[in-house]
Every structure is written in C-alpha cells, then in structure tokens.
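Thanks for sharing this one. Here are a few notes to read alongside the model, starting with the aromatic side chains.

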Amino acid sequence: MTQDQKIYHEQRLRVAINRRTQAEPGSVNNRIPPEFISCSEDGRVCTVRYRLKPEMRNPMGWLHGGVMSAMVDMGMGLLVYYNADFHLCPTASMTVNFLRPGRIHGSLIVQSEITFQGHKIYHTSARAWMEDEPEKLICTATASYIVTPKAVPLDEQKKRR
C-alpha cells in the first residue's frame with residue numbers, strides 16, 4: 001500500500017462517519033458522534049474518539065456499560081459500513097467484555113478491526129481505552145454484521161411515503 005492509498009481510505013472513512021452520524025438528527029449515531037483518528041493503509045482497521053459527557057454515567061459515576069457498548073458497536077459498524085461499500089450492515093451479534101470502569105471525563109478511544117469478510121457477513125473486533133491511559137484497556141468486543149442491500153436515504157424514504 002502506498003501513502004496515497006492510506007489517504008484515500010482516511011478520506012472515505014471520514015465520509016462514512018459523517019454519513020452515518022448525520023443521517024438522522026437525534027439518532028444514537030448522531031448523539032454520540034465518533035471523531036476519526038486514524039486508519040490502516042488497507043482501511044480494515046480504524047480508530048475513533050468519543051468525547052464523554054456527564055449524562056453518559058451510570059449510578060456509580062462511571063461510563064455506563066450500555067453507552068460503552070453502543071460506542072464499540074458504532075466503531076465496528078462504521079468500519080463494516082465503509083468496507084461494505086456503504087451498505088447498511090446491522091449488528092447480528094455482539095459480545096462486550098468490560099475490563100475496568102471508564103471515567104466519565106475525557107475521551108474513549110475505540111480501535112476496530114475487520115477479522116473476517118464474507119459475501120454477506122463481517123466479523124470484527126474492537127478494543128477501547130481512555131485516551132490518557134492507552135495501556136489500560138477498558139473493554140474489548142467482537143461482533144458480526146450482516147450486509148443488506150443498498151439503503152435508500154431517509155429523505156428519499158420520506159418523499160416516497
């Protein structure tokens with residue numbers, strides 16, 4: 001892979017993230033938007049950042065496990081969406097392993113990787129850590145995603161109704 005190919009994947013992954021986070025105002029993807037950090041030269045590994053907010057805490061004051069699950073699911077799902085040529089790919093299954101509590105201040109970094117790519121299914125893995133403590137994993141996850149036919153944009157769907 002050349003530097004030009006890496007730049008190509010970076011630019012297209014940024015487009016994929018923007019498409020998914022802006023597709024429907026008020027959606028989970030829109031309310032917890034990832035920020036692109038980096039990707040591999042082949043576009044099969046992607047790292048994103050999530051800015052943590054006080055409303056994302058659980059009753060003990062730590063990052064809520066459901067919110068963290070949504071973040072790793074979104075990180076892996078966006079990578080699949082990109083590699084599946086912008087087809088929507090709903091989550092078929094996901095396992096999240098919580099390793100330690102996440103602080104509510106700061107940012108959570110999620111690195112996702114495609115571990116298997118078939119015609120209709122993708123398998124992925126993810127690792128997450130606090131940005132200021134990269135040596136301490138907060139959680140790991142694996143998931144499978146099903147490739148669907150190309151989706152009709154929401155504004156088009158609304159026009160057809």
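1. Let me begin with a pair of rings. Tyrosine 81 is buried, and phenylalanine 86 is buried as well. Please keep in mind throughout that the model is predicted.

2. Phenylalanine 86 also meets a second tyrosine. Its ring centre and that of tyrosine 82 are 6.2 Å apart with the planes at 85°, so this pair is edge-to-face. Tyrosine 82 and phenylalanine 86 are both buried.

3. How many aromatic pairs does a search of the whole structure find? The search gives 2. Tyrosine 81 and phenylalanine 86 make an edge-to-face pair, with 5.3 Å from centre to centre and 85° between the planes. Through ring pairs, Tyr81, Tyr82 and Phe86 are linked into a cluster.

4. Two arginines are worth a look beside these rings. Arginine 19 lies over the face of phenylalanine 86, at 4.3 Å from the ring centre. Arginine 20 lies over the face of tyrosine 81, at 5.3 Å from the ring centre. You may like to display both arginines together with the cluster of Tyr81, Tyr82 and Phe86.

5. Now the cysteines, where the disulfide count comes to 0. Why does cysteine 46 have no such bond? The closest cysteine sulfur to that of cysteine 46 belongs to cysteine 39 and is 6.2 Å away, which is too far because a disulfide needs the two sulfur atoms within 2.5 Å. Cysteine 46 counts as buried, at 5% relative accessibility.

6. Cysteine 139 can be treated in a similar way. Its sulfur has the sulfur of cysteine 46 as the closest cysteine sulfur, but the distance is 16 Å, too far for a bond. With 0% relative accessibility, cysteine 139 counts as buried.

7. Finally, a word on the second largest pocket. About 280 Å³ of space lies in it. Its lining consists of 14 residues, and those nearest the pocket centre are Asn29, Asp73, Met74, Gly77 and Cys89.

8. Which helix gives the largest share of the lining of the second largest pocket? That is α3, with 6 residues. Both α2 (28-31) and α3 (65-83) supply at least two residues each to this lining. By residue class, the lining of the second largest pocket divides into 9 nonpolar, 3 polar and 2 charged residues.

Key
Residues numbered from 1 in each chain as written. Predicted model: local features only at pLDDT ≥ 70, side-chain atom pairs only at ≥ 80, totals over all residues. Heavy atoms only, no water. 1 Å grid on protein atoms, 1.4 Å probe; cavity = no way out; pocket = protein on both sides within 12 Å on 5 of 7 lines; lining within 4 Å. Points joined across faces, edges and corners; volume = space filled by probe spheres on them. Helix = DSSP H or I, 4+ residues; strand = E, 2+ residues; numbered from the N terminus. Nonpolar A, V, L, I, M, F, W, Y, C, P; charged D, E, K, R; others polar. Buried < 20%, exposed > 50% of the residue type's maximum accessible area, 1.4 Å probe, protein only. Phe/Tyr/Trp six-rings, centres within 6.5 Å; stacked < 30°, edge-to-face > 60°. Lys NZ or Arg CZ within 6 Å of the ring centre and 35° of its normal.
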